[in-house]
Amino acid sequence: MENFDILVSILGSTVRLSIPLLFTALAGLFSERAGIFDIGLEGKMLAAAFASAVAAYATGSAWLGLLAGIAVSILFSLVHGFASITNRGNQIVSGVALNFVAIGLTVVLGQAWFGQGGRTPQVSGEGRFSPIILPGADAMRDVPIIGPLYANVISGNNILTYMAFMAVPLAWWVLFRTRFGLRLRAVGENPGAVDTAGISVAWMRYRAVIVAGFLCGFSGTYLAIAQSAAFINNMSAGKGYIALAALIFAKWRPVPVMFACLLFGFLDAVANFMQGKSVPLIGEVPVQIFQALPYILTCVLLAGFIGVARAPKAGGVPYVKER
Amino acid sequence: MTTASVPLPNWISYGLIPLLNLLLAFFFSGLVVWWIGESPLEALKFLIQGSLGRGDAIGFTLFYTTSFIFTGLSVAVAFHAGLFNIGSEGQAYVGGLGAALAALALDHYVPWYVTMPFAITAAAIFGAAWAFIPAWLQAKRGSHIVITTIMFNFIGAALMVYLLVNVFIVPGKMAPETRTFLEGGQLPKLDWLMALFGLKLGPAPFNVSFLIALVMCYLVWLLIWRTKFGYEMRTLGISPSAAIYAGVPYARIVIIAMLISGGLAGMMALNAVNGAAARLQVEFVAGAGFVGIAVSLMGRSHPVGIILAALLFGILYQGGADLSFEMPTITRDMIVVIQGLVILFAGALEYMLRPAVVRIYQQFAKG
């Protein structure tokens, strides 16, 4: 039974750790499906985390925090769009630049405003997204197997967690069942054809990066005022890149994105759990292996050893209308 | 007629426009300083004083410059072949392993100038090795080099932490680092060079690797503009389809260009590991690999431009450290903001001002 408890606790933290990845990877999905590479996911997440923590602290409302996070993240998206769509700049360079701006600016502003070395003050109560206990969680707790799973993995998460899982079918529906989604995927594959049909490629791509900014707003907010209670320096700590890896691992498809994020979240949870513990027969497994595993897996996938990851055809290429 | 196809004289394309972009980046940095309630001009004064005001300040500035020349060259070589190597950071980190191994193996037995060639070679080989897999994946399997080099930065960081914590750590010590190299494994400081200008180096870690960096600048210039390989590389960078049609061996050029790029990144470790710290430490690269991106973009991937841009970032890094001491509301992270803005304006938005400049130029050309 003890092993089962461990499993339940690992699964619980898997869910908690994969939520920021999930929002961010879905953000990348919209952007990259429209042909705009987004290395700047990390920066957007970080900027949103800072904005939401500041707004939640100032107003005492988690929802206003979320709103601020989304607004700032979309602002970053628009700069990325201005550079890579309007000015046809290099999308990778623009993303790298925005990551630096975010990582530096959050600390500079945080230090100037609060003087705590870049941290923001703790928020509590209404300023955070607190865990929701689903109906019947306590009553079910004693039911074998299903009970603990329901009480600890499915129940007891905050509202953003449930929104993340709802965002997956929604993203699928938008991308594959609406006219907007069809056009969005089309500008990522063959912008010339979309242009011929009389649809503005630039405006279509702008809308895609705005959606990406919107979703990164959620992931940043989750980090700052749902998972923690304040903004901490560089708290995204490479999650944006792991999300990017998950997106590639899922071959740019919404439902596999969810499973890839859960897998990478699971690896993270196992790494936390394994710290200082030894496995029978093997001995102590270095934590670093689990930390590196998402990246190694993605490289193996990119090498074409597990299926082929084919990126949207027009990804990374600025669209130049013929004159 | 659009402005994109109007030819501009070189001094505008390579002088004026980059300068305007740089000024824009500084203008926005100034806005940030002003926003947090400090005077941008006052901050600039502290920045200049802190980086160029005293002998040891100049020593620190040139120490940072050395690192950035290596990483800037690394990014630039890949850039000429049309490859965006974001992995200089990880390649420099792993290169540190090579530099440290050479020093640890030899420092008991020989003086520094015997160790140096081994350290240079080992650092370059380890850095190049870390670039090899992404290069091979790009050349043979078509996976995107940007993504794989990012992944390899993280894998490299995990590997190095593992090695430092479990293999190289000095028994009984807490800090995950190797033992301190003896003098035979270190690179000596350049106090004599400073003394020529009547300056005292003080505690600044400005060392021989600066001279190695300058030699590398010359070699990179030779490679890119004076060899057949460099020509093929540039052709590939400008138009892959034309290069392949002309018979340039794509896979070979990509792999060799990335190996050189990784090797140059790895040599950055000479400065930080053998020159400054005299030991291999966790996170010793400290973002120099990423600064290389900014340096290469600003320097237009030309060695002379790279030296100037590296000097600028050296001033920013050293001056920024001093600035945060003088003005506690401005943290050192302000440099990261400036770095981001420079990459944004000099890199991603490099063509933003061009149409306006072309229009003004045409006015003048007519009148």
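## Core contacts and a kinked helix

In this predicted model, B:Phe68 touches B:Ala288, B:Val291, B:Val295, B:Ala310, B:Phe313, B:Gly314 and B:Tyr317, leaving aside residues up to four places away in sequence. Apart from it lies another core, made up of six residues, including B:Leu8, B:Ile17, B:Val357 and B:Val358.

B:Phe68 is also one of the residues that touch the most other members of the largest nonpolar core, which has 216 residues; the others are A:Leu26, B:Leu270, B:Phe284 and B:Phe313. Helix H1 (residues 2–33) of chain A gives this core its largest share, 14 residues.

Let's turn to the annotated spans of chain A. An unreviewed UniProt entry carries the annotation "transmembrane region" for residues 6–29, 64–85, 92–114, 159–176, 206–225, 257–275 and 287–309. Two of these spans are set out here.

| Span of chain A | Helix | Strand | Distance between end C-alpha atoms |
|---|---|---|---|
| Residues 6–29 | 100% | 0% | 33 Å |
| Residues 206–225 | 100% | 0% | 28 Å |

Helix H13 (residues 287–302) of chain A deserves a visit of its own. Its 16 residues reach 24 Å from first C-alpha to last, close to the expected 22 Å. Where does H13(A) kink? The kink, of about 45 degrees, lies at A:Leu293, shortly before the proline A:Pro294. A:Pro294 is itself buried, and so are A:Val287, A:Gln288, A:Phe290, A:Ala292, A:Tyr295, A:Thr298, A:Cys299, A:Leu301 and A:Leu302. Both chains help to cover the buried residues of H13(A): the cover includes helices H11 (239–249) and H12 (254–274) of chain A, together with H5 (112–141) and H6 (145–168) of chain B. After H13(A) comes A:Gly304, with a positive phi near 85 degrees.

Definitions and conventions
Residues are numbered from 1 along each chain as its sequence is written. Chains are lettered from A and ligands numbered from 1 in the order in which they are written. This is a predicted model: local features need pLDDT of at least 70, side-chain atom pairs count only at pLDDT 80 or more; totals for chains, interfaces and linings use all residues. Side-chain values use heavy atoms; hydrogens and water are left out. UniProt positions are given in the numbering used here, feature names are shortened, and annotations may be inferred rather than shown by experiment. Helices (H or I, at least four residues) and strands (E, at least two) are DSSP runs, numbered from the N terminus. The expected span of a helix is 1.5 Å times one less than its number of residues. The bend at a residue is the angle between axes fitted to the seven residues ending there and the seven starting there. Buried means under 20% relative accessible area, exposed over 50%, partly exposed in between (1.4 Å probe, protein chains only). Contact means heavy atoms within 4.5 Å. A nonpolar core is a set of buried Ala, Val, Leu, Ile, Met, Phe, Trp, Tyr and Cys residues joined through side-chain atoms within 4.5 Å.
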